[in-house]
Every structure is written in structure tokens, then in C-alpha cells.
Amino acid sequence: MKILVAVKRVVDYNVKVRAKADGSAVDLANVKMAINPFCEIAVEEAVRLKEKGVATEIVVVSMGPQAAQEQIRTALALGADRGILVQTDAELEPLAVAKCLKKICDDEQPGIVLLGKQAIDGDNNQTGQMLAALTGYPQGTFASELVVEDGTAKVTREIDGGLQTVSLKLPAIVTSDLRLNEPRYASLPNIMKAKKKPLDTKTAEDLGVDVSPRTKLLKVEPPAERQAGIKVADVAELVDKLKNEAKVI
Ligand code: AMP
């Protein structure tokens, strides 16, 4: 069975994101980029399924600028077999990504499509769900456990206050939550080997997908600075301030 994994190039989670001075966008100049952490978990899960003999091939796909090849190569170093870059400099919305992935699903016929539950840049949490709607495949979102056997995927989902387990008929879409697994580090020999693995480049036009945005970004602004705290002399002063300044009691 083939597994398709969608990986997004995002600002590294360790970087403190800044808005551009004119508030038009996030400032990406000289910022370290990386695989979206939830996508890394999705890659790890695919590799584990291959190690168990469930999967035979792992295809990684990313949509984005030419530099997104770096994130595909990282996924190849983690154990994926080949990559597809849908190269575009356009600002991609989840619907455009899902439409491209649908075309790739039509070509590749994967048994499972693994995605992250959300990309940490836009926090959309939409692409997997939209892809399920476009393909008609069942979906198991927010997966914290995945067991594949007898043509089904049993997905344990993290929901408010507990866990829900669903059984999906393959082919299916699964989106990874944080606790699905702990991704491995790529070893140096595997990083070297990944350079030789096949990486195909296409464009959205090749796939016949219109990726033009449907929403307009109006403004990006940093959160308000927190004011410094103060020390109070005693409980009476604290109660007075809570009552008369903060007005919370
Ligand atoms: P989102 O719906 O934007 O929060 O993204 C959810 C997941 O969809 C990500 O974790 C990826 O697996 C996938 N995805 C979103 N955008 C892209 C992209 N440009 N290229 C590849 N995968 C993507």
C-alpha cells in the first residue's frame, strides 16, 4: 500500500515570529524555515507503517516555493521514498492545497493520506477535512493512534475531554495530533541518501488547479505587549486593587 504524506514548509517553531513594519504580512526575511511539526509526525507515522510491512511506498508532497524542496528532502531523510513538489510562489489557501492534493491522489491512488492536523503558520486546520470532502475518502482527524489492518484504519482521535476511536475504510485521510508519535532524527547517512531519492516537480497549472486566493489578508499585528506586574504590600492592598483597579471582584 502506498502512503501519501503532505508536508508544509513553515517558520521553524523556535522562531519568534515578527510582523512586517507595514503590517502587511509576517516577516519571512532571513527566518529559519522547517517542516511543520505536525507534518513531521505524519511522516514518522508513515515510516513506522512501512517498517511494520503495512506500507510499501511513502510519497511526500509539498506545495510551495522551490525552497520547499528542503522540507521534502528532510522527509526523504526520515524514511520517505520519493517526493513531489508542486512549485508555486502564490500564497496558498487550504482549498487550493486540497485541490492539488486531490489531483495527486487521483494519479497516485494512495491507501492512506497522512497530513498534519494543522500548519503552525496559518493555524487553519482545514486541509485534511477539505481533501476528504473533495476525494470522498473517510477522515480520521486529530489522530493519537493509528492501526491499519484488513483494509481499514482504526484511528483514535483526541477530542475534548477524552478519546474517540473510529474505523475507516481505506483509502482514508488521517491527520496527526501531537501525541501520535515522537519523530526520529534523520541520521547523517540517511540525509546523504535522501539527496539521491527521486523528487518530481510540477506546477499547479500542470495539475489544472486554480490556486488564486479567495480571501484578502488585511492586517498582521503582534499581540499587545504585556504590562509589567507590581508588588503589593499586603492582602488588603491586593483586595483593594482587584476591587477598584482591575474591577474583577
Ligand atoms: P492547515 O489546514 O493549513 O492547518 O494544514 C493542515 C495540513 O495540511 C498540514 O499539516 C499539511 O499536512 C497539509 N498542508 C497544508 N498546506 C500545505 C502545503 N502548502 N503543502 C503541503 N501540505 C500542506
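How many nonpolar, polar and charged residues make up the shell around the ligand? Sorted by class, that shell has 8 nonpolar, 8 polar and 1 charged residues. The model in which this shell is seen is a predicted one, and the paragraphs below begin with the protein as a whole, return to the ligand, and then turn to two single residues and to the salt bridges.

The protein is built with 7 helices and 11 strands. Taken along the principal axes, a box of roughly 70 × 40 × 40 Å is filled by its C-alpha atoms. Of its 249 residues, 40% count as buried, and the protein as a whole exposes about 14300 Å², with 51% of that area supplied by carbon and sulfur atoms. As for how the chain meets itself, 70% of the contacts with a separation of 6 or more are accounted for by residues 24 or more positions apart.

With that setting in mind, the ligand can be taken up again. It is surrounded by 17 residues, and the closest of them are A6, M63, A119, N125 and T127. Two strands, β4 (57-64) and β6 (112-116), each supply at least two residues of this shell, and β4 gives the most, with 3 residues. Some pairs of atoms show how the ligand is met by nitrogen and oxygen atoms of the protein. A nitrogen atom of the ligand lies 3.5 Å from a backbone N or O atom of V7, while an oxygen atom of the ligand lies 3.4 Å from a backbone N or O atom of N124. In the case of T127 the side chain takes part, with one of its N or O atoms placed 2.7 Å from an oxygen atom of the ligand. On its own the ligand has 480 Å² of accessible area, and the protein covers 99% of this.

Strand β4 also holds G64. Is this glycine buried or exposed? With a relative accessible area of 5%, G64 is buried, because that value falls under the 20% used as the limit. Leaving aside the neighbours within four places in sequence, G64 is in contact with L85, V86, Q87, T88 and L92. The distance from G64 to E91, taken from C-alpha to C-alpha, is 8.3 Å, although the two residues are 27 residues apart in sequence.

A second residue that can be followed in this way is T175, which is found in strand β10 (residues 172-176). T175 has a relative accessibility of 3% and so counts as buried. When residues up to four places away in sequence are not counted, T175 touches L115, G116, K117, G128, G140, T141, F142 and A143.

The charged side chains give another view of the structure, which holds 18 salt bridges. One of them is formed by the side chains of K2 and E108, with 2.6 Å from N to O. Because K2 lies in strand β1 (residues 2-6) and E108 in helix α3 (residues 94-108), this pair ties together parts that are 106 residues apart in sequence. Both K2 and E108 are buried.

Helix α3 also contains a salt bridge between D106 and K102. The closest N and O atoms of this pair are 3.0 Å apart, and the two residues, being 4 residues apart in the helix, are separated by about one helical turn. Both partners are partly exposed, D106 with a relative accessible area of 37% and K102 with one of 24%.

Where does the salt bridge between K241 and E237 lie? Both residues belong to helix α7 (residues 235-244), in which they are 4 residues apart, about one turn of the helix. Their closest N and O atoms are 4.0 Å apart, and E237, at 27% relative accessibility, counts as partly exposed. Beyond such single pairs, salt bridges that share partners join K2, E57, R82 and E108 into one network, and the pair of K2 and E108 described above is thus met again here.

How values were computed
Residues numbered from 1 in each chain as written. Predicted model: local features only at pLDDT ≥ 70, side-chain atom pairs only at ≥ 80, totals over all residues. Heavy atoms only, no water. Buried < 20%, exposed > 50% of the residue type's maximum accessible area, 1.4 Å probe, protein only. Near = heavy atom within 4 Å. Polar contact = N/O pair within 3.5 Å; in protein donor to acceptor, adjacent residues only side chain to side chain. Areas by Shrake-Rupley, 256 points an atom, 1.4 Å probe, with all protein chains shown as cover. Nonpolar A, V, L, I, M, F, W, Y, C, P; charged D, E, K, R; others polar. Contact = heavy atoms within 4.5 Å.
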